[in-house]
Amino acid sequence: MIDLHYWTTPNGHKVSIFLEEAGLPYKIFPVNIGANEQFEADFLKISPNNKIPAIVDHEPADGGEPLSLFESGAILLYLAEKTGRFIATDLRGREETLQWLFWQMGGLGPMAGQNHHFNRFAKEKIP
Ligand SMILES: N[C@@H](CCC(=O)N[C@@H](CS)C(=O)NCC(=O)O)C(=O)O
């Protein structure tokens, strides 16, 4: 079973979509970031950067203690390697997937996030 610490944002959806598509059993733990629940001490033990999404895998492949992960890209790669789904096993296919994953994480995601912040939440309006 995987615990998904989640809120209804695109970064949250990236992980819930993977879990649904892969058919992995999971349980959602809502973290209402509008109510600052991401700063609660128990959540910070799982996600020290106070951000959703985060997961706890209670059945990691090494058979050890439950494994916590934060950062959606790291979570997607972990789940892909755990399940063998949504990442190619041949060299070129795997690298193609990783390029687009890193592009989303380092390019599209942060830019879209800043656009959302400055258009919706920033006190100073910048045209
Ligand atoms: N790079 C991170 C970004 C995560 C992120 O920005 N999460 C936002 C919601 S989409 C959040 O939890 N914000 C709460 C905060 O920063 O206090 C990832 O991909 O997981």
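Here is a short chat about a predicted model of a protein with a ligand.

Visitor: Let's begin with the overall layout. How far apart do the C-alpha centres of domain 1 and domain 2 lie?

Guide: The domain assignment gives domain 1 as residues 2-87 and domain 2 as residues 88-127. Nine residues of domain 1 are in contact with eight residues of domain 2. Centre to centre, by C-alpha atoms, the two domains lie apart by 18 Å.

Visitor: What distance should helix H3 span, at 1.5 Å a residue?

Guide: Helix H3 covers residues 72-83, so it has twelve residues. The expected span is 1.5 Å times one less than that number of residues. The end C-alpha atoms of H3 agree with the expected value, which is 16 Å.

Visitor: And what comes right after H3?

Guide: Look just past the end of the helix, where a residue has a positive phi, near 75 degrees. That residue is Gly 84.

Visitor: Which helices help cover the buried residues of H3?

Guide: The buried residues of H3 include Ile 75, Leu 76, Tyr 78 and Leu 79. Their cover includes strands E1, E3 and E4. It also includes two helices, H1 (10-22) and H4 (91-121).

Visitor: On to the ligand. How much of its area does the protein bury?

Guide: The residues around the ligand include Asn 50, Ile 52, Ser 72 and Met 105. One ligand oxygen is 2.6 Å from an N or O atom in the Ser 72 side chain, and a ligand nitrogen is 2.8 Å from a polar backbone atom of Ile 52. Taken alone, the ligand exposes 510 Å², and the share of that buried by the protein is 76%.

Visitor: Is Asp 3 buried or exposed?

Guide: Asp 3 lies in strand E1, and among the residues touching Asp 3 are Lys 27, Phe 29 and Val 56. Its relative accessibility is 13%. The cut-off is under 20%, so Asp 3 counts as buried.

Visitor: Which side chain does the side chain of Asp 3 join in a polar contact of 2.8 Å?

Guide: Residues that Asp 3 touches include Ala 54, Ile 55 and one more partner further along the chain's numbering, His 58. The side chain joined to Asp 3 by that 2.8 Å polar contact is His 58.

Visitor: Last one: with which side chain does Gln 104 make a polar contact?

Guide: Gln 104 lies in helix H4. Gln 104 touches Gly 109 and Pro 110, among others. Its side chain makes a 2.7 Å polar contact with the side chain of Lys 14.

Methods
Residues are numbered from 1 along each chain as its sequence is written. This is a predicted model: local features need pLDDT of at least 70, side-chain atom pairs count only at pLDDT 80 or more; totals for chains, interfaces and linings use all residues. Side-chain values use heavy atoms; hydrogens and water are left out. Helices (H or I, at least four residues) and strands (E, at least two) are DSSP runs, numbered from the N terminus. Buried means under 20% relative accessible area, exposed over 50%, partly exposed in between (1.4 Å probe, protein chains only). Contact means heavy atoms within 4.5 Å. A residue is near a molecule or strand if one of its heavy atoms lies within 4 Å of it. A polar contact is a pair of N or O atoms within 3.5 Å; within protein, one must be able to donate a hydrogen and the other to accept it, and residues adjacent in sequence count only if both atoms are side-chain atoms. Accessible areas come from the Shrake-Rupley method with a 1.4 Å probe; for residues, only the protein chains shown count as cover. Domain bounds come from an automatic or database domain assignment. Lists of a residue's contacts leave out its neighbours within four places in sequence.
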